Amino acid sequence: SLGYVIPCLQHDSMSDKWKTMLERLMLHKELHGDCLVPVGHPVNPLGEWVMMQRKEYRNLREGRLSTLTEERISSLQSLGFAWVVPEHESKHINQPMEQSESPNKVNKCT
C-alpha cells in the first residue's frame, strides 16, 4: 500500500463552474424576463459564457470535440436558449461592451 487513498471521482457532466454560470443565466432571465446577456462586461462574464455554449454546440454538431453534453443542452433548452443568433445581432457578439454603455450588445437566449 502507498499509504494514501485516491478518492473515487464521480462522473458529473455538469461541473460546478458550469452549474454556477447556468444559475447566473437563470437569474438573468428571471430578473430581465429574457436571456439577453451583455457581451464583454468586465465584471460579469456571462455574455462570453453564453457565446462559448454556442461555439461548443456548433463543435458538437460538426462532429468535433465539445464540452456540451445532452444534460447541458437540455438545461439550456429548458430556458429557451437560442443556439443561433440572428444575423443582424451577430455583429455585436464579438464587440466588447464599454462599462458606461447600455447593454444593447447582447447574446440572445429567447
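Over which residues does pLDDT stay under 50, with 0 contacts beyond four places in sequence? In this predicted model, that description fits residues 5-11. A second stretch, residues 91-105, also has pLDDT below 50, but here the model shows 25 contacts beyond near neighbours in sequence. Where pLDDT is low, the predicted coordinates should not be read in detail.

**Confidence and overall layout**

Across the chain the mean pLDDT is 75, and 64% of the residues reach at least 70. Among the elements, α3 has the highest mean value, 95, while strand β2 (residues 106-107) has the lowest, 52. Walking from the N terminus, you will meet the elements in the order α-β-α-α-α-β, which amounts to 4 helices and 2 strands.

Of the 110 residues, 35% are buried. Among contacts with a separation of 6 or more, 63% join residues 24 or more positions apart. The accessible surface is about 7,600 Å², and carbon and sulfur atoms account for 55% of that surface.

**The nonpolar core**

The largest nonpolar core holds 16 residues; the members that touch the most others are Leu-25, Leu-46, Trp-49, Val-50, Leu-68, Leu-76 and Trp-83. Three helices, α1 (16-32), α2 (46-61) and α3 (70-77), each give two or more residues to this core.

Leu-46 is a good residue to click on. Leaving aside residues up to four places away in sequence, Leu-46 touches Met-21, Arg-24, Leu-25, His-28 and Val-37.

**Two helices up close**

Here are the buried residues of α2 and α3, side by side.

| Helix | Buried residues |
|---|---|
| α2 | Leu-46, Gly-47, Trp-49, Val-50, Gln-53, Arg-54, Glu-56, Tyr-57, Asn-59 |
| α3 | Arg-72, Ile-73, Ser-75, Leu-76 |

On which side of α3 do its buried residues lie? They lie on the same side, because they cover an arc of only 160° around the axis. An α-helix has 3.6 residues a turn, so residues three or four places apart point the same way. The cover over the buried residues of α3 includes α1 and α2.

As for α2, its 16 residues span 23 Å from the first C-alpha to the last, close to the 22 Å expected at 1.5 Å a residue. Just beyond the end of α2 comes Gly-63, with a positive phi of about 80°.

**Putting it together**

Helix α2 gives two or more residues to the core, and helps to cover the buried residues of α3. Helix α3 also has the highest mean pLDDT among the elements, whereas residues 5-11 stay under 50.

Notes: Residues are numbered from 1 along each chain as its sequence is written. This is a predicted model: local features need pLDDT of at least 70, side-chain atom pairs count only at pLDDT 80 or more; totals for chains, interfaces and linings use all residues. Side-chain values use heavy atoms; hydrogens and water are left out. Buried means under 20% relative accessible area, exposed over 50%, partly exposed in between (1.4 Å probe, protein chains only). Contact means heavy atoms within 4.5 Å. Accessible areas come from the Shrake-Rupley method with a 1.4 Å probe; for residues, only the protein chains shown count as cover. A nonpolar core is a set of buried Ala, Val, Leu, Ile, Met, Phe, Trp, Tyr and Cys residues joined through side-chain atoms within 4.5 Å. The arc is that of the directions from the helix axis to the C-beta atoms. pLDDT is the predictor's confidence in each residue, from 0 to 100. The expected span of a helix is 1.5 Å times one less than its number of residues.
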